[in-house]
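Please examine the assembly shown here before reading on. The discussion proceeds from the arrangement of the chains to individual residues.

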Protein chains: 2
Amino acid sequence: MNVDGKHYRTIWLADDGRAVEIIDQTKLPHAFVTARLATLEDAARAITDMQVRGAPLIGAAAAYGICLALRDDPSDDRLAEAYDLLHATRPTGINLRWALDEMRSTLTPLPPDQRLAAAYRRAAEICDQDVAINQAIGEHGLPLIRELWQKKRRPDCLNILTHCNAGWLATVDWGTALAPIYKAHDAGIPVHVWVDETRPRSQGARLTAWELNHHGVPHTIIADNVGGHLMQHRRVDLCLVGTDRTTAQGDVCNKIGTYLKALAAHDNHVPFYVALPSPSIDWTIEDGIADIPIEQRDPAEMTDITGRTASGDVVTVTLTPPGSPVANYAFDVTPARYITAFITEKGVCPASREGLRGLFGGRSC
Amino acid sequence: MNVDGKHYRTIWLADDGRAVEIIDQTKLPHAFVTARLATLEDAARAITDMQVRGAPLIGAAAAYGICLALRDDPSDDRLAEAYDLLHATRPTGINLRWALDEMRSTLTPLPPDQRLAAAYRRAAEICDQDVAINQAIGEHGLPLIRELWQKKRRPDCLNILTHCNAGWLATVDWGTALAPIYKAHDAGIPVHVWVDETRPRSQGARLTAWELNHHGVPHTIIADNVGGHLMQHRRVDLCLVGTDRTTAQGDVCNKIGTYLKALAAHDNHVPFYVALPSPSIDWTIEDGIADIPIEQRDPAEMTDITGRTASGDVVTVTLTPPGSPVANYAFDVTPARYITAFITEKGVCPASREGLRGLFGGRSC
C-alpha cells in the first residue's frame, strides 16, 4: 500500500540484508514511524507490544524472528529456543504457530551452516505468500461485493461494516477483510465502510480509519456499540471481518466483539463474511469456544488512552476511576452458524468442516 | 447515596430555596464538583451538555428548569417557552416529556401568582417520587437476584452485567438497574458487576464504576465488546440495564449497545432484565425501532477523550486520525422478545403490552 505516495509493506528486510524493518503500529495514527529489529528479542518484543499485530503479520514477523535468532547461532538448541520464545508472545492467533512450524520444518533437516540463508529465503517466501493470499482473497471477495451492489442499486453506496483492523497493516500487504474492499473501491463500486472503533486498543479508529483514509475509501468511525442499531435500520449491507484462528468446523476467533456483530447480522439478515487466509485455520481444533485460549492483556490498554492534545503533543491519559479493576479479553469466538461464508485464497466456501475440507483438504496453503 | 461519608442526591434545592444544585457529572470520576443552576438556560444547558444525564434525572432537572423559568415571569407564554426549550434538549428519553407534562398540567390551571410555589412543590414531588420508585424497583429486583444466587450456590459470586449508568447518578437517588444490586449487596449476597465501559461517553467506566466503588460493590470494568465472550463462558448470571424509553409493546430504548448485549444474553440463555420506572413508558408508541427518534450527538464525544495524566492534570486528547468522519448514535432499541422481564416499581412483569397493562393499566406513576 502507499503512504503519502511511497509503497510500503508492513515488514521488510533492511539494507544490510539482515535486520528487519517494520512500521511501528503503536505510533499510528499520530505518527508514521518505522522501527528496526536486529535481534530475536527485538522481534518478540515487537509482537508482544503490538508494534506489529494482526495474525498474518505476526506470522511473518515471527518467521523473521527465527532468522534474527540464527544469525550468530544456527544450532538446533537456538532454533528451539527461538521457536518457544516467539510462540509464547501471543496465544490466540494461529498464524504464529503456522509460520514457526513452517520455519522449523524447513530448517531442521538442513546442516546448521545452511540454515541462515534458508531461513531468510523462507521468511521472504512467507511474506510473499501472504501478499498473494490476500490478493486472491480480494479477487474472490470482489464479485460478492459487486453482486450486493448490483442488487441494491441505490443511489448512495454499499455499506460494509468491519471490526478491528484486518487491512494491510494486519498483514504484509493488502489485508484480508479489507482486500475485497480495496478491490471494490478500485473497481468503481461506491463502497462506504463503517469502522468499528474496536476498544480497548481502538485498532479500527486508529489503524483501519488511517488505512482507508490513505486509500481514499469513504468511511465513518463508529463506537463498537453502534453496529446493531445500524443493522436494524438497514444501514449495513454486509459485514466483513478477519480471523485470528478458525477451527476445523468453521468457528472463528477474532478480535473481541466480533461475535456481537455476528449476532446482530444474523438477527437482521445481514450477510456476515469472514476473510480467511488458510494459514489462519487450526485443523487440530473443532469447538472454538471450548478450545481456543483467549488472550488477556494488560488492563492499562483499557484504562489508559493515548492521543493528541490540541497543541499536537501525544499524551496518555487515564479514563477510569482509581480502584476499579479491569478485565481485558482480546478475542472472542463466533460460532460457524452465524457466518454466511468464508472468503479464502481458493474461493468462497461455507463456514463448515465440509466447506473448509472441500477447498483445502485439511491442509493450509 | 454517600460520597465520602456525606449523603447526596444528584439534584437539590440550594440554600436560597430558589436555585438548584447538581453534581456536575461531566467532571466525574476525575473530580467531584457541584454546579448551581439559576436560570432556565442553565437547566437546559446542564441537560444538553450532560452535566445531568440519565432519563429519570433529566426529568427531574427539567421540572426544576420550569421552576427557574417562572421565577420572574409565571405567564402562560413563559411556561410554554420553557416547556419547548427544555423539551428540545434531548430527543430520546421520555421521562423528560413526562416530567414537563406533569409540570404543565399542574401549573396551567393555576393563576400565575400561585404558579411559582406550586412549581417548586411539584418538582420536589417528582424528585421524591423518583427516589420512591427506584427504592421499589430495588425491592422488587432483590428477590430475583437472591433466587439466582440460591440456584447458583457457587463459592464465588453472582455475576451481573450492566451497561451504561443506570445508577443513582442517572436518577435522583438509588438508580434503576443498580438499585436491586445495591439492595442485594447490602443484603449480603456476593454480587460482582461487569461494568460495560459504554463508549463513546464511557458512562460505565466513568460513572458506574465510580458509584460502585463508593458503595463498596465488587466490580470489573470491561470493554463493550467483552460481554458476549463472558456469556459464552458462563461468566454472566444475569444482565440488568435501564431504559430511556419503553414502548407500549415493551421495546426498550436504552444506551447504544444494549441491543447487542441482549442478543448475546438470548444466545446464551442468560436472563436479561430491564429496570423500568413507569415514567419511562411511552404509551403512545408501539414499535421502538420504527418510532423512537435516536439522538445523534457531537462526533467529538467519539474522537476526543478526557482523562488524567500521570501528573494529575485533566487533559483532552484526540484518538482518531484527522479526516475520518465519525457517527455518534446515542441509543438503540432492544425488541421486547429479547427481554426476560421488566422490574418496575409495582413489581416484575413480562416485557409485553399485556405485562405492562397488567401492572399500570396504560398510565404511568
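The following paragraphs treat the symmetry, the interface, the nonpolar core, the cysteines and one loop residue of a predicted model.

The relation between the two chains is a suitable starting point. Chain B is superposed on chain A by a rotation of 180 degrees, with 0.0 Å of shift along the axis and an RMSD of 0.0 Å. This is the relation of a two-fold axis. Within chain B, the C-alpha nearest the axis belongs to B:L260, at 2.9 Å from it.

The interface may be considered next. Contacts join 65 residues of chain B to 65 residues of chain A. Of the interface residues of chain B, 100% are also interface residues in chain A, so the copies meet through the same surface. The area buried between chain B and chain A is about 5200 Å², and carbon and sulfur atoms give 59% of that area. On the chain B side, the most area is lost to chain A by B:N225, B:L260 and B:L319, which together account for 14% of what that side buries. B:L260 thus appears both in this group and as the residue whose C-alpha is nearest the axis in chain B. Charged side chains also take part: four salt bridges are counted between chain B and chain A. One salt bridge pairs the side chains of B:R199 and A:E197, with an N to O distance of 2.5 Å.

Attention now turns to the interior. In soluble globular proteins, nonpolar side chains tend to be buried together. In this model the largest nonpolar core has 258 residues, and A:I11 and B:I11 are those with the most contacts inside it. Beyond its neighbours within four places in sequence, A:I11 is in contact with residues including A:V20, A:I22, A:L57, A:Y64, A:C127 and A:V172. A:E21 is also one of its contacts.

How many disulfides does a search of the whole structure find? The search finds zero over all chains. B:C157, for example, is in no disulfide, and its nearest cysteine sulfur, that of B:C239, lies 15 Å away. For B:C239, the closest cysteine sulfur is that of B:C157, and at 15 Å the separation is too far for a bond. Both residues are nevertheless buried: B:C157 has a relative accessible area of 17%, and B:C239 has a relative accessibility of 0%.

A final residue illustrates a loop position. B:S280 is found between strand 12 (272-276) and strand 13 (281-282) of chain B. This loop residue is buried, at 0% relative accessibility. Leaving aside neighbours within four places in sequence, B:S280 is in contact with B:I94 and B:N95, and also with B:T243, B:D244, B:R245 and B:T246.

Notes
Residues numbered from 1 in each chain as written. Chains lettered and ligands numbered in written order. Predicted model: local features only at pLDDT ≥ 70, side-chain atom pairs only at ≥ 80, totals over all residues. Heavy atoms only, no water. Disulfide = S-S within 2.5 Å. Buried < 20%, exposed > 50% of the residue type's maximum accessible area, 1.4 Å probe, protein only. Core = buried A, V, L, I, M, F, W, Y, C linked by side-chain atoms within 4.5 Å. Contact = heavy atoms within 4.5 Å. Least-squares fit on C-alpha atoms with pLDDT ≥ 70 in both. Helix = DSSP H or I, 4+ residues; strand = E, 2+ residues; numbered from the N terminus. Buried area = accessible area lost by both parts, 1.4 Å probe.
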